[in-house]
Amino acid sequence: MKLTNQVRIYRQQQKWTQEQFAERIGVTRQTVISLEKGSYTPSLLLAMQIARVF
C-alpha cells in the first residue's frame, strides 16, 4: 500500500509557490518537491508544521 499526500493541492489552493511554502514550513524548495512527489516522508515535527501552516 502506498501512502499519498495532497500537499501540492493545498499549496496551490493557497496560491503559494514551492519557495513560499518552503519558507513557511522552514525547509528547502527541494524538500517541498520531494514531499509533493511522495518520495520523502516528513518527520513528525515537520508534518505538524505543515498541518499548522494549512
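**Entry 1: I25**

I began with I25, which I found to be buried, with a relative accessible area of 7%. The model I am reading is a predicted one, and I keep that in mind for every value noted below. I25 has its place in helix α2. I then looked up what I25 touches once residues up to four places away in sequence are set aside, and the list I wrote down is V32, L35, L46, Q49, I50 and V53. I also checked one distance from I25 along the backbone: its C-alpha atom and that of Y10 are separated by 14 Å, the two residues being 15 apart along the chain.

**Entry 2: the nonpolar core**

Which residues make up the largest nonpolar core? I noted nine residues in all, namely V7, W16, F21, A22, I25, V32, L35, L46 and I50. When I asked which elements give two or more residues to this core, I found α2 (18-25), α3 and α4. The largest share, three residues, comes from α2. I50 is a member of this core, and with residues up to four places away in sequence left out I saw that I50 touches F21, I25 and L35. For background I added that nonpolar side chains tend to be buried together in soluble globular proteins.

**Entry 3: salt bridges**

How many salt bridges does the count come to? The count comes to two. For one of them I noted that the side chains of R8 and E36 meet at 3.3 Å, N to O. This pair links distant parts of the chain, since R8 sits in helix α1 and E36 in helix α3, 28 residues apart. I looked up the accessibility of each partner: R8 counts as partly exposed because its relative accessibility is 38%, whereas E36 is buried, with a relative accessible area of 9%.

In another salt bridge the side chains of E36 and R11 meet at 2.5 Å, N to O. This pair, too, links distant parts of the chain, with E36 in helix α3 and R11 in helix α1, 25 residues apart. Both E36 and R11 are buried. As the salt bridges share partners, I recorded R8, R11 and E36 as joined into one network.

**Entry 4: R11**

Is R11 buried or exposed? R11 counts as buried because its relative accessibility is 7%, and the cut-off for buried is under 20%. R11 is found in helix α1. Leaving aside neighbours within four places in sequence, I listed the contacts of R11 as W16, T17, Q18, F21, E36 and F54. I marked W16 and F21 in this list, as I had already noted W16 and F21 among the residues of the largest nonpolar core. E36 also appears among the contacts of R11, and E36 is the residue whose side chain meets that of R11 in a salt bridge.

**Entry 5: the largest pocket**

I turned last to the largest pocket, which has a volume of about 390 Å³. I found it lined by 18 residues, of which T4, N5, V7, L35 and P42 lie nearest its centre. The elements that give two or more residues to this lining are α1 (7-13), α3 (29-37) and α4 (44-53). By class, I recorded 10 nonpolar, five polar and three charged residues in the lining of the largest pocket. V7 and L35, which are among the residues nearest the centre of the pocket, also belong to the largest nonpolar core.

Definitions and conventions. Residues numbered from 1 in each chain as written. Predicted model: local features only at pLDDT ≥ 70, side-chain atom pairs only at ≥ 80, totals over all residues. Heavy atoms only, no water. 1 Å grid on protein atoms, 1.4 Å probe; cavity = no way out; pocket = protein on both sides within 12 Å on 5 of 7 lines; lining within 4 Å. Points joined across faces, edges and corners; volume = space filled by probe spheres on them. Helix = DSSP H or I, 4+ residues; strand = E, 2+ residues; numbered from the N terminus. Nonpolar A, V, L, I, M, F, W, Y, C, P; charged D, E, K, R; others polar. Core = buried A, V, L, I, M, F, W, Y, C linked by side-chain atoms within 4.5 Å. Buried < 20%, exposed > 50% of the residue type's maximum accessible area, 1.4 Å probe, protein only. Contact = heavy atoms within 4.5 Å. Salt bridge = Lys/Arg side-chain N within 4 Å of Asp/Glu carboxyl O.
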